[in-house]
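Could you walk me through this structure in my viewer, one selection at a time? I am new to this and would like to know what to click and what I will find there.

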Amino acid sequence: QYERCTEFVSRDENPELWGSIMNYIGLANWEIGTRTEGPEIQLHLNAAIVAYRRALDVYPHNQFPYDWAMTQNRLGIALDNQGIRIGGEEGTKLLAQAVDAFNNALEVYTRDQLPQDWAMTQSNLGAALQEQGIRTGGEEGAKLLAQSVTAYNNALEVYARDQLPQQWAMTQNNLGIALRNQGTRTGGEEGAKLLAQAV
């Protein structure tokens, strides 16, 4: 149905509405991609990524900052999902693009003005950095894992246990996984401290 809407809405004449339709197409494909199996997953996630990028073409940062940031965050989620499913160099590139998209969103989603959006995006950033760090060897991988820990800790500044218990618990769990990965990678006394923090 969303695709049919594009037959009646001109990108040039009504870019804001056209961008909104692209976002809905992206969301629908992302939902299908996360609920289906086999090669269909990648087809729908690819379609979501394409739709979000098309939306960004008509959402300039300076004219539609919130729409731009929302779309960047959604693009990051789709890229992260696709990157996790694809191995090798291509998957790593997709994860790096996801990190870039989340960092873009954080230019608008500031802690002071949009604290929950900021925390949500920090959590998403932490997940992408963690997956990237797991796949990357040596010192660079360790840096990415450390950045993931920082992002999760940032999210916990807003996700208070008494106010947002589910988000707090989910982020604590993800932080624990990142710390465990970092501790296993680090070794020695420092690694033992990180593993204790994970516990």
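**Stop one: α5 and α6**

Start by selecting α5 and α6: α5 passes α6 in a left-handed crossing. Keep in mind throughout that this is a predicted model. Helix α6 covers residues 115-135, and it packs with α5 at an angle of about 155 degrees, with the axes 9 Å apart. Angles over 145 degrees count as roughly antiparallel, and therefore α5 and α6 are roughly antiparallel to each other.

Now show the side chains where the two helices touch. On the α5 side, look for Gly-88, Gly-91, Thr-92, Leu-95, Ala-96, Ala-98, Val-99, Phe-102, Asn-103 and Ala-105. On the α6 side, the partners are Thr-121, Asn-124, Leu-125, Ala-128, Leu-129, Glu-131, Gln-132 and Arg-135. If you color the residues of this contact by type, you will find nine nonpolar, seven polar and two charged.

**Stop two: α4 and α5**

Keep α5 (residues 88-105) on screen and add α4 (residues 65-85). These helices pack at an angle of about 160 degrees, and their axes are 8 Å apart. That makes α4 roughly antiparallel to α5. Here, too, you are looking at a left-handed crossing, with α4 passing α5.

Which residues of α4 meet α5? Among them are Trp-68, Leu-75, Ile-77, Leu-79 and Ile-84. The α5 residues they meet include Leu-94, Leu-95, Ala-101 and Phe-102. In this contact of α4 with α5, 12 residues are nonpolar, eight are polar and one is charged.

**Stop three: the nonpolar cores**

Next, select Leu-75 and Leu-125, the residues with the most contacts inside the largest nonpolar core, which has 40 residues. The elements giving two or more residues to this core are α2, α3 (39-58), α4, α5, α6 and α7 (138-156). Helix α3 provides the largest share, seven residues.

Zoom in on Leu-125. Leaving aside residues up to four places away in sequence, Leu-125 touches Val-99, Phe-102, Asn-103, Leu-106 and Ala-151. Apart from the largest core lies another, of seven residues, among them Val-149, Tyr-152, Ala-178 and Leu-194.

**Stop four: α8 and α9**

Select residues 165-186 for α8 and residues 188-198 for α9. The two pack at an angle of about 165 degrees, with their axes 8 Å apart. Helices α8 and α9 are therefore roughly antiparallel to each other, and their crossing is left-handed.

Side chains to show in α8 include Leu-179, Arg-180 and Gln-182, and those in α9 include Glu-190, Leu-194 and Gln-197. The residues of this contact divide into four nonpolar, eight polar and two charged.

**Stop five: two single residues**

Find Thr-136 in the loop between α6 and α7. Is Thr-136 buried or exposed? Buried means under 20% relative accessible area. Thr-136 is buried, because its relative accessible area is 18%. Not counting residues up to four places away in sequence, Thr-136 touches Gly-141, Leu-144 and Arg-185.

Finish at Ala-28, which lies in α2 (residues 15-35). With a relative accessibility of 29%, Ala-28 counts as partly exposed. For a last view, draw a line from the C-alpha of Ala-28 to the C-alpha of Gln-197: the two are 38 Å apart in space and 169 residues apart in sequence.

Notes: Residues numbered from 1 in each chain as written. Predicted model: local features only at pLDDT ≥ 70, side-chain atom pairs only at ≥ 80, totals over all residues. Heavy atoms only, no water. Axes fitted to C-alpha atoms, helices over the stretch in contact; angles between N-to-C directions. Helix = DSSP H or I, 4+ residues; strand = E, 2+ residues; numbered from the N terminus. Parallel < 35°, antiparallel > 145°, perpendicular 65-115°, else oblique. Left-handed = near helix turned anticlockwise from the far one by under 90°. Contact = heavy atoms within 4.5 Å. Nonpolar A, V, L, I, M, F, W, Y, C, P; charged D, E, K, R; others polar. Buried < 20%, exposed > 50% of the residue type's maximum accessible area, 1.4 Å probe, protein only. Core = buried A, V, L, I, M, F, W, Y, C linked by side-chain atoms within 4.5 Å.
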